[in-house]
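Got the viewer open? Let's walk through this one stop by stop, with a suggestion each time for what to select next.

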Amino acid sequence: TPLPEADWPTPLGIVLGSEGGGIRPGLEKHLELKLTLPMPGAPLSFNVAAAAGLIAYEITRRRLRSDKIG
């Protein structure tokens with residue numbers, strides 16, 4: 001699921017995979033949601049630290065927005 005389209009459950013735990021191998025299949029089968037970070041036209045990908053920051057930002061942004069609405 002692309003990050004902007006994700007509707008994640010609460011409580012939320014985040015599992016980050018390695019840049020080369022991703023997440024082991026044994027662990028991946030237990031996950032409810034698998035996110036991708038869309039990068040149209042980019043020849044490279046984000047490293048895991050940058051990806052973690054983007055995911056954390058999106059979670060915070062949505063929670064702050066829902067607090068203002070609700």
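Before the first click, one bit of vocabulary: a helix here is a DSSP run of H or I that covers at least four residues, and helices are numbered from the N terminus. Keep in mind too that you are looking at a predicted model.

**Stop 1: the whole chain**

Start with the cartoon view. The protein chain has 2 helices and 0 strands. Its C-alpha trace spans about 40 × 30 × 20 Å along the principal axes. Of the 70 residues in the chain, 11% are buried. Now switch on the surface: about 5,600 Å² is exposed, and carbon and sulfur atoms supply 57% of that. As for how the chain meets itself, take the contacts between residues at least 6 apart in sequence: 70% of them join residues at least 24 apart.

**Stop 2: the nonpolar core**

Select L3, A6, W8, I55 and I59. These 5 residues make up the largest nonpolar core. In soluble globular proteins, nonpolar side chains tend to be buried together.

Now keep W8 highlighted and show what surrounds it. Which residues does W8 touch, once you skip those up to four places away in sequence? The list is L3, L33, L35, E58, I59 and R62. Two of those names, E58 and R62, come back at the next stop, where they pair up in a salt bridge.

Click on L35 while you are here. L35 sits in the loop between α1 and α2, and at 27% relative accessibility L35 counts as partly exposed. Draw a distance between the C-alpha atoms of L35 and W8: the two are 27 residues apart in sequence and 9.7 Å apart in space. Setting aside neighbours within four places in sequence, L35 is in contact with T1, L3, A6, W8 and I55.

**Stop 3: the charged cluster on α2**

Select residues 48-69, which is helix α2, and show the side chains of E58, R61 and R62. The structure holds 3 salt bridges, and two of them are right here, E58 with R61 and R62 with E58.

Take E58 and R61 to begin with. Their side chains meet in a salt bridge at 2.8 Å, N to O. Why is the spacing along the helix worth a look? E58 and R61 are 3 residues apart in α2, so about one helical turn separates them. Check the burial as well: E58 counts as buried because its relative accessibility is 10%, under the 20% cut-off, whereas R61 is partly exposed at 31%.

Next, go to R62. Its salt bridge with E58 has the closest N and O atoms 2.8 Å apart. R62 and E58 are 4 residues apart in α2, so they too are separated by about one helical turn. Through shared partners, salt bridges join E58, R61 and R62 into one network.

Buried or exposed: what is R62? R62 is buried, with a relative accessible area of 16%. The side chain of R62 also reaches the backbone oxygen of P4 at 3.0 Å. Show everything around R62, leaving out residues up to four places away in sequence, and you get L3, P4, E5, A6, D7 and W8.

**Stop 4: the other salt bridge**

Select E28 and K34. They form a salt bridge, with the closest N and O atoms 2.9 Å apart. E28 is partly exposed, with a relative accessible area of 27%, while K34 counts as exposed at 51%.

**Stop 5: a nonpolar patch on the outside**

Turn the surface back on and colour L12, I14, L16 and V48. Together they form a nonpolar patch on the surface, with about 300 Å² of accessible area. Zoom in on L16, which lies in the segment before α1 (25-28). L16 counts as partly exposed because its relative accessibility is 42%, and partly exposed runs between the 20% and 50% cut-offs.

**Stop 6: out on the loop**

Finish with L44, in the loop between α1 and α2. L44 is exposed, with a relative accessible area of 68%. For a last distance, pick the C-alpha atoms of L44 and T10: these residues are 34 apart along the chain, and the atoms are separated by 31 Å.

Note on methods
Residues numbered from 1 in each chain as written. Predicted model: local features only at pLDDT ≥ 70, side-chain atom pairs only at ≥ 80, totals over all residues. Heavy atoms only, no water. Patch = residues over 30% accessible without salt bridge, like charges linked within 9 Å, V, L, I, M, F, W, Y side chains within 5 Å. Areas by Shrake-Rupley, 256 points an atom, 1.4 Å probe, with all protein chains shown as cover. Salt bridge = Lys/Arg side-chain N within 4 Å of Asp/Glu carboxyl O. Buried < 20%, exposed > 50% of the residue type's maximum accessible area, 1.4 Å probe, protein only. Core = buried A, V, L, I, M, F, W, Y, C linked by side-chain atoms within 4.5 Å. Contact = heavy atoms within 4.5 Å. Polar contact = N/O pair within 3.5 Å; in protein donor to acceptor, adjacent residues only side chain to side chain.
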